[in-house]
Amino acid sequence: MNVISWNCRGAGSKGFATLVNDLVKEYNVGIICLLETHISGSQAQRVIKRIKLDKCFMVEARGQAGGLWVLWDSTNWTMDVLRHSNQMIHFAIKNTLNSWNLTVVYGSPLPQFRIELWRDLRKIASEIRGAWSLIGDFNAVLADNERQGGSLTSCHRGDNAFRELVRECNLIDMGYQRNPFTWRRGMLYERLDRVLMNLERRKNRVLKLQNENGDWIDGKSDLENMATTFYKNLFAADGKVEKFCLSKSYPQLSNHDQQFFEVPFSDQEIFEAMKRIGSLKAPGPDGFQAIFYQSQWEIVGPSLCKLIHDIQEDPSKVAEINHTFLTLIPKVEMVTSMKQMRPISLCNVSYKVLTKMLATRLRRVMESLVGPSQCSFVPNRQTTDHAKSRLKTNQHIGWIRPPNNTLKLNCDGAVDGNAHAACGGVLRDCLGKFIFGFAGKIGTCSVLQAELWAIFHGLRIIKEMNLKGNFLIESDSEIAVKLLNEGCSREHPCYSLVNHIVRVAGEIQNLECSHILREANQVADRFAKHGFSLSEGVSVFTQPPGWVNLPLFADKSAVTFPRGF
């Protein structure tokens with residue numbers, strides 16, 4: 001079950017309830033918190049009745065300002081309102097296994113009115129026993145780097161009071177992924193929305209366990225010896241080796257592939273591997289999370305690159321970084337034996353970087369090494385599956401925002417069973433803001449030609465709208481991207497169309513074209529499929545149509561999808 005907090009800035013639009021229901025279904029939402037709903041009374045009740053969550057508590061808007069709604073699925077959680085005001089709602093939440101506290105916050109934009117909110121939160125903190133989460137829009141920042149632009153003098157009013165509250169109530173900020181800012185006005189960017197947690201942890205501890213003979217073992221040192229012995233026996237080899245009768249029956253790496261694996265890692269490979277590690281994942285024995293390396297790369301990057309290069313030269317040096325914490329996670333509510341706990345490994349980030357680079361290189365040869373009927377170690381594959389499958393090291397893919405001062409054009413083509421083709425695309429800025437979309441029916445052609453027509457029309461619209469800046473073009477057709485970047489012969493059936501695209505692109509400065517996977521191109525796919533419903537020609541959308549709001553929201557929120565989604 002997931003919890004969503006959304007500053008919707010108005011819930012009265014015609015399609016609002018439909019959009020919320022799509023979010024609930026798409027992201028398995030059990031609790032949704034809607035801030036600044038701007039409506040109340042019978043109008044609010046009509047909207048709430050159309051949302052497919054059966055329980056709701058509402059703090060009504062004052063005129064056209066404020067408004068707090070919390071809706072939840074009562075089959076999963078029991079939620080009791082303990083306290084509320086026009087700026088917050090405080091709940092006690094429980095089910096058969098867990099209980100915790102949740103406070104949904106919308107702080108007033110005026111610092112003087114937030115004083116009452118901070119006073120209420122301090123009183124709640126003094127009464128809390130157990131886990132406590134605070135979620136919402138606090139209308140204040142915790143650190144100076146959470147604000148960019150604007151007047152520093154005026155912005156600091158109210159921030160210090162918020163920072164004192166977080167410190168006094170022993171709260172921690174749970175961080176973020178992707179874009180650090182959640183609010184913008186003109187050139188002022190701020191991170192106002194966040195999740196806070198109290199530092200108090202549940203007191204559940206394993207005080208004694210049964211050994212293999214059924215005897216209860218207690219005491220810290222005895223439990224440590226029991227755990228160490230259990231996993232040594234489980235993982236250690238007995239020293240006996242039997243010759244494997246099928247040792248020569250597996251495919252071998254070619255000389256070319258072997259040479260590829262022997263090529264030294266580049267600094268860029270190391271940096272790319274570091275970026276793919278979750279910033280706030282639990283640290284290993286050295287205590288450093290990935291966010292330390294990612295945020296301070298210019299300082300610590302050269303040292304990490306040298307360490308990786310040294311290990312590649314002398315593999316025995318990996319012993320300097322491969323120390324690992326083995327952490328035990330209970331599989332049941334009441335643990336009585338070691339078998340009821342699942343071990344997970346907490347490795348140093350430097351070791352993770354090394355393994356990620358190896359895994360990335362292995363992806364290039366996995367298709368030739370893993371047989372189509374092999375099921376071991378391949379998720380969701382059965383021995384009866386004869387379709388060729390591929391082991392993917394990275395399981396989730398999503399749309400990535402372009403760099404600052406860059407606009408990204410995603411394009412896609414579509415062809416139905418009768419060879420009728422359509423195309424579409426969308427242009428967005430570095431914050432994921434919609435600039436324009438387009439869709440159109442283009443007659444009868446191949447899939448490759450439809451992909452190229454999508455790129456052509458996208459560039460044509462950019463030129464006609466006289467847009468300036470750096471442009472990144474993305475298509476999920478690897479062949480189309482290759483034709484544009486490397487050219488094609490006169491005999492190629494797409495030669496004329498490719499030349500048209502190159503001529504238009506030549507009139508747009510600072511343009512790059514790259515390939516992406518289709519899971520990261522879902523908005524363009526929606527526009528392309530919409531093209532089938534249009535008459536001949538291309539339609540341009542300067543505002544996002546309702547049928548594309550959900551994938552746009554997913555991309556802007558950095559949602560990722562499994563390969564093959």
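**Two buried strand residues, a helix and two unusual loop positions**

Leaving aside residues up to four places away in sequence, I32 is in touch with I4, V20, L53, W69, V70 and L71. The model is a predicted one, and I32 makes a handy place to start looking around. This isoleucine sits in strand β2, which covers residues 29–35. Its relative accessible area comes out at 0%, so I32 counts as buried. One of the contacts, W69, is 37 residues away from I32 along the chain, yet the C-alpha atoms of the two are separated by 8.2 Å.

Another strand residue worth a look is T103, found in β7 (residues 99–106). With a relative accessibility of 0%, T103 falls under the 20% cut-off and is therefore buried. Setting aside residues up to four places away in sequence, its neighbours are M88, I89, H90, L121, I124, W132, S133, L134 and I135. W132 turns up in that list, and it also has a polar link to T103: the two side chains are joined by a polar contact of 2.8 Å.

Further along the chain comes helix α12, spanning residues 447–464. The helix is 18 residues in length, and the distance from its first C-alpha to its last is 26 Å, close to the 26 Å expected at 1.5 Å a residue. Plenty of its side is tucked away from solvent in terms of the residue list: L448, A450, E451, L452, A454, I455, F456, H457, G458, L459, I461 and I462 are buried. That list includes E451 and H457 alongside leucines such as L448 and L459.Just after α12, the backbone does something less common: N466 takes a positive phi of about 55°. Most residues other than glycine have a negative phi. N466 is not a glycine, and still its phi is positive. The residue belongs to the loop that runs between α12 and β22, the latter covering residues 470–475. Is N466 buried or exposed? Its relative accessibility is 51%, and because the cut-off for exposed is over 50%, N466 counts as exposed.

A558 offers a second case of this kind. Its phi is positive too, at about 60°, although A558 is not a glycine. Like N466, which lies in a loop between a helix and a strand, A558 is placed in a loop, here the one between α16 (549–556) and β25 (561–562).

Note on methods:
Residues numbered from 1 in each chain as written. Predicted model: local features only at pLDDT ≥ 70, side-chain atom pairs only at ≥ 80, totals over all residues. Heavy atoms only, no water. Helix = DSSP H or I, 4+ residues; strand = E, 2+ residues; numbered from the N terminus. Buried < 20%, exposed > 50% of the residue type's maximum accessible area, 1.4 Å probe, protein only. Expected span 1.5 Å × (residues − 1). Polar contact = N/O pair within 3.5 Å; in protein donor to acceptor, adjacent residues only side chain to side chain. Contact = heavy atoms within 4.5 Å.
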